[in-house]
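Could you use a companion for a walk through a structure in your viewer? Open the file, keep the selection panel handy, and let us go stop by stop.

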Amino acid sequence: MEKRIAIIGYAQSRHQYDVQKTREDLVFDVAKEALANAGILREELGTVVTASTDFLDGRTISNVFLSMAVGAFLKDESKVEEDGAAALQYAMMKLMTGTYDVALVEAHTVGWQFNPHQVAAYTLDPLVDRQIGLLNDIAASAIQANMYMNKYGVSVEDLAAVSVKNLGNAANNEFAARRLPDVSVGEVLKSKLYYEPLRELMISQTADGCAVVIIASEDKVRKLGVECPVWIEGVGCCQEAYLRDRDLVSLSGLKSAAQSAYQMAGITNPFTDLDLAEVTERFAHEELLICEALGLAREGRAKELVNNGVTALGGDLPVNASGGALAADPICATGLVRVVECVRQIRGEAGTHQVPGVKRALAHGQFGLCAQKNTVLILGGE
Amino acid sequence: MAYLKDERPETMMVEGDWQVGAYRWKAPRLLEEFSAGLKEKKIIGSMCMGCGKVITQPRHLCGRCHRRMDERCVLSDWGTITCFVISPKVEKGKYKLFGMDPVDTGTLKLGEILIPVFVRFDGADSNINCLLLNAKPEEVSIGMRVKVVWAKEPKGQMADLEGVEPIREK
Amino acid sequence: MFRNCAIIGCGQTKHTSRRRDVSVAELAQQAVQAALDDAGITMKDVGCVVSGNMQGFGGVAQPEQWLGDWIGCPGKPAIRIATGGTTGGSVGQGACYTVASGMYDVSIGVAWEKHSDSKEAGATTGLMHVGMGNLFHALTYGLSLRNLIATSAVGAAAGVAVYQAMFYMHRSGCKQEHLDMVAAKARRNAAKNQYAHLQWPNCRPEDIAKTETIAWPFRYGHVCPASDGASCIVVAEEKTAKRLCKQPAWFLGLASYSDEENQLQSENFGGVGVIDPSEQMGCRVSAKKAYAMAGITDPQKEIDLAEIYQPFPSQELIFSERLGLFDDGTAWRHMEKGETDINGRLPISVSGGVNATNAIGSSALQRILEAALQIQGKAGEHQVPKKVRKAVAHGWGGVTNYITCTVLGDSPR
């Protein structure tokens with residue numbers, strides 16, 4: 001990359017279900033906070049990229065009444081649908097062309113407005129799957145979990161261990177919606193059953209939330225005198241084939257996205273080169289599949305990372321120190337929240353879930369049934 | 001019509017829907033304030049202390065200044081027509097809403113002519129969209145001065161502002 | 001920095017009111033295949049797929065997840081961009097940015113809309129849902145149904161366009177017959193465009209004037225159709241473009257500035273600080289930025305052709321002024337003189353434009369595509385006789401507060 005791009009400011013809302021704010025106010029408050037965090041005025045923005053989806057917001061053109069709230073008045077603006085991490089990549093590309101030097105990236109979903117699992121059913125192939133009416137995102141993911149567990153002898157306790165780790169980590173994250181500091185494997189396995197083996201505490205916590213990240217190109221970063229810029233060293237994204245037409249057991253799209261990001265960042269051994277990872281695990285078993293696709297463990301062996309405490313808060317490579325999506329899933333914002341959490345860690349601003357000495361982190365966002373679309377970002381301090 | 005047309009063979013149809021009626025949104029209490037003002041025959045607007053713009057119906061945010069608009073002020077109930085449109089005579093079947101025909105329900109009268117207008121009430125930097133009443137289509141002009149026609153017994157709802165009518169010299 | 005890139009292939013489908021011979025996936029795929037064939041490449045050569053449509057119309061959420069298999073997404077970076085009416089323009093600009101940034105060497109931008117998939121004519125459900133939340137909110141506060149029907153009597157998108165047209169006509173002296181002229185021109189031009197929807201060879205303003213009035217000054221003959229269709233462009237970086245294409249259409253400048261909501265209400269039925277929806281400050285600023293990037297100082301002289309997003313004829317006039325192509329309030333005079341005809345000094349929307357073909361998600365991309373065809377000399381029967389060196393493609397959307405403005409040229413920046 002010729003000129004580098006850095007994150008110079010960020011903010012997130014306190015994610016909760018049924019937040020007592022209008023969508024407009026939610027976005028406005030977080031955008032204002034991020035601008036203050038970056039130490040810049042709205043006037044200095046060049047371009048704004050937002051992420052939200054019409055079906056989740058219940059409005060066609062879901063960003064049309066939010067342009068003013070997000071600070072896009074008389075600014076170049078675009079909306080990438082789905083994950084905030086994808087919006088970040090798009091904003092980054094705009095800055096790489098030199099057309100603008102500061103961008104604001106925003107992502108939000110008010111999960112309370114409409115059942116997001118119903119919306120996931122609307123993403124199904126309308127000609128066959130939607131007509132049959134058996135599938136939704138949880139059911140499809142349960143199929144994936146069963147295939148994975150059967151292929152590699154992974155047990156349901158291994159899945160529960162992921163929930164225990166993440167929900168416990170969330171207890172130290174004031175922005176998380178679901179925090180269970182002393183939940184046990186047994187309690188996870190007794191929680192409400194959705195589709196075998198997926199239980200309530202293994203499914204992400206739908207929330208209302210917003211995240212905003214402000215990025216700038218290298219020259220601007222120097223000009224502004226930003227104290228702790230977090231450089232985007234690598235990025236990659238990939239979409240896999242539709243649900244019925246791909247191998248659900250391995251996330252090949254994520255693997256491809258990760259490889260692009262690693263190549264760009266000059267990472268040859270992710271396990272040693274990374275200090276921390278924030279991934280979007282909508283279901284407990286997804287974290288295992290994700291770790292394998294990221295190259296942190298061999299196929300079928302990610303359970304050992306969890307069981308041996310490697311990915312715990314105090315482990316060699318903490319994964320989801322913030323609690324991940326299991327603790328708070330404001331859907332479109334979730335990937336961008338992972339970016340925010342990585343930035344907090346690198347800057348030493350992660351409070352009680354701070355991991356010491358984080359120089360390089362990986363942020364992952366996903367969208368679509370069984371993690372069909374994935375975006376990976378590698379972030380690094382100076 | 002002399003359009004060139006193309007006929008194409010049919011494929012099979014499968015059905016589905018998107019139930020927008022099942023959504024729930026959070027709204028601010030601004031229309032409550034506005035409606036309460038209408039009960040007192042007052043038009044409330046929100047004012048931005050950054051740029052001084054006054055917006056009605058009130059809103060929370062000024063996007064130009066990127067700040068909240070929490071100040072309120074009362075606007076005059078005299079205003080100017082900034083734009084108008086003249087609908088053709090009302091017919092059945094033209095203006096269905098939520099599956100009902102307004103001619104059938106008596107909401108609109110057969111054969112009447114509607115004149116929706118944009119009105120900028122004195123003091124406001126925004127338009128309100130409403131109907132011009134007690135006027136003939138030939139009389140309407142941009143820049144025409146109008147005043148509010150209040151409901152006989154305002155109940156504290158949006159319909160209290162029935163429309164506007166021309167200010168006629170006595 | 002901004003790596004030079006160009007459009008090297010264009011593909012579109014035939015647009016009609018009911019493409020019942022294909023599913024929406026096949027429709028999009030037709031456009032993609034046509035574009036790849038035109039560029040002389042295969043899906044293997046494509047680095048990134050940028051796609052978009054207005055999902056409210058089709059009733060499928062995030063449709064590229066399902067139909068991605070038809071448009072080449074599997075195994076590739078794929079970004080979905082959707083911004084309402086400007087979706088196509090945002091997709092085109094997105095495809096440009098993915099290549100100009102240096103991240104990918106070849107990208108495709110594909111946008112589509114299948115209005116006939118919706119049960120209502122013109123797919124009004126999808127359009128109403130822009131403001132449905134506002135509507136329900138206002139109704140709970142006793143919004144008069146009579147007022148609601150009357151003020152929205154002219155239909156969703158038409159509603160704002162009518163007021164916008166009235167402001168323009170009042171200010172500039174433009175008359176209703178000028179709207180008839182623009183609509184007739186669009187349908188005549190469309191008859192020369194094999195992919196267009198409303199094709200009416202030899203359409204005259206008098207023919208349009210015979211149609212019924214919706215709400216003065218708009219007639220049924222002025223209004224755009226709701227089309228099923230898709231379009232796709234292939235964007236490549238400089239070396240690849242020069243190798244594969246005799247005359248690429250180079251991206252010279254692009255911008256997409258947002259204005260305050262121009263519609264009467266903001267979210268939750270609040271007012272908006274825009275008195276005149278024909279003011280279009282966002283368009284002025286977008287054009288300024290795009291021209292500056294392209295090194296254009298005098299658009300009136302330097303722009304050879306414009307593709308303007310004009311679902312309503314008044315918008316061709318309004319936006320041609322806002323894009324700096326004519327002095328304020330004079331566009332109708334220039335049009336009257338024939339300057340914007342196919343063989344005129346500054347041809348506008350010679351493809352028929354959105355007025356003759358409107359698959360909403362794809363329409364703004366089609367403007368970029370048509371401008372590219374003209375630069376490449378590949379527009380067939382509706383190719384303008386003059387050499388097109390620089391062209392501007394425009395789109396508007398949202399509640400008339402979104403704009404895309406793209407400048408293309410026959411040589412790289």
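The tour below goes from a helix to a helix crossing, then to strands, and ends where chains touch.

Before you click, note that this is a predicted model, in which local features need pLDDT of at least 70, side-chain atom pairs count only at pLDDT 80 or more, and totals for chains, interfaces and linings use all residues. Residues are numbered from 1 along each chain as its sequence is written, while chains are lettered from A and ligands numbered from 1 in the order in which they are written.

**Stop 1: a helix in chain A**

Select residues 23-38 of chain A, helix α1. Helices (H or I, at least four residues) and strands (E, at least two) are DSSP runs, numbered from the N terminus. At 1.5 Å a residue, the 16 residues of α1(A) should span 22 Å (1.5 Å times one less than the number of residues), and the 23 Å between its end C-alpha atoms agrees.

Now colour the buried residues, meaning those with 20 or more other C-beta atoms within 10 Å of their own, with C-beta atoms placed from the backbone. In α1(A) these include A:L26, A:V27, A:F28 and A:V30, along with A:R23 and A:E24. What do the buried residues of α1(A) pack against? Show β1 (5-12), α3, β4 (102-110) and β7 (208-217) of chain A, plus β3 (61-62) of chain B. Just after the helix comes A:G39, with a positive phi near 75°.

**Stop 2: two crossing helices**

Stay in chain A and select α8 (residues 156-170) and α13 (residues 284-293). Their axes, which are lines fitted to C-alpha atoms over the stretch in contact, come within 7 Å and cross at roughly 95°. That makes α8(A) roughly perpendicular to α13(A) (65 to 115 degrees). Here, contact means C-beta atoms, placed from the backbone, within 7 Å. Show A:L159, A:A160, A:V162 and A:S163 on α8(A), and A:A284, A:H285, A:E287 and A:L288 on α13(A), to see the residues that make the contact.

**Stop 3: an enclosed strand in chain C**

Jump to residues 390-397 of chain C, strand β10. Eight of its eight residues are buried, so β10(C) is largely enclosed by the rest of the structure. On one side are C:K390, C:V392, C:H394 and C:W396, and on the other C:A391, C:A393, C:G395 and C:G397.

Next, add the neighbours; strands pair if DSSP finds at least two bridges between them. Strand β9 (residues 305-307) of chain C runs parallel to β10(C), joined by three bridges, and C:A306 has C:V392 as its bridge partner. Strand β11 (residues 402-409) of chain C pairs with β10(C) in the antiparallel sense over eight bridges, with C:C405 as the partner of C:H394. In the hairpin between β10(C) and β11(C), find C:G398, where phi is positive, near 65°.

**Stop 4: a sheet in chain B**

In chain B, look for the open sheet of five strands ordered β8-β7-β6-β9-β10, with antiparallel pairing. Its edge strands are β8 (128-131) and β10 (161-166), each pairing on one side only. Zoom in on β6 (residues 78-84) and β7 (residues 116-121), which share five bridges; B:I81 stands opposite B:V119.

**Stop 5: where chains touch**

Finally, display chains A and C: 50 residues of chain A are in contact with 55 residues of chain C. Then bring back chain B, where 16 residues are in contact with 21 residues of chain A.

Definitions and conventions
Two residues are in contact if their C-beta atoms, placed from the backbone, lie within 7 Å. A residue is buried if 20 or more other C-beta atoms lie within 10 Å of its own, exposed if 12 or fewer, and partly exposed in between; C-beta atoms are placed from the backbone. Axes are lines fitted to C-alpha atoms, for helices over the stretch in contact, and angles run from 0 to 180 degrees between N-to-C directions. Angles under 35 degrees count as roughly parallel, over 145 as roughly antiparallel, 65 to 115 as roughly perpendicular and the rest as oblique.
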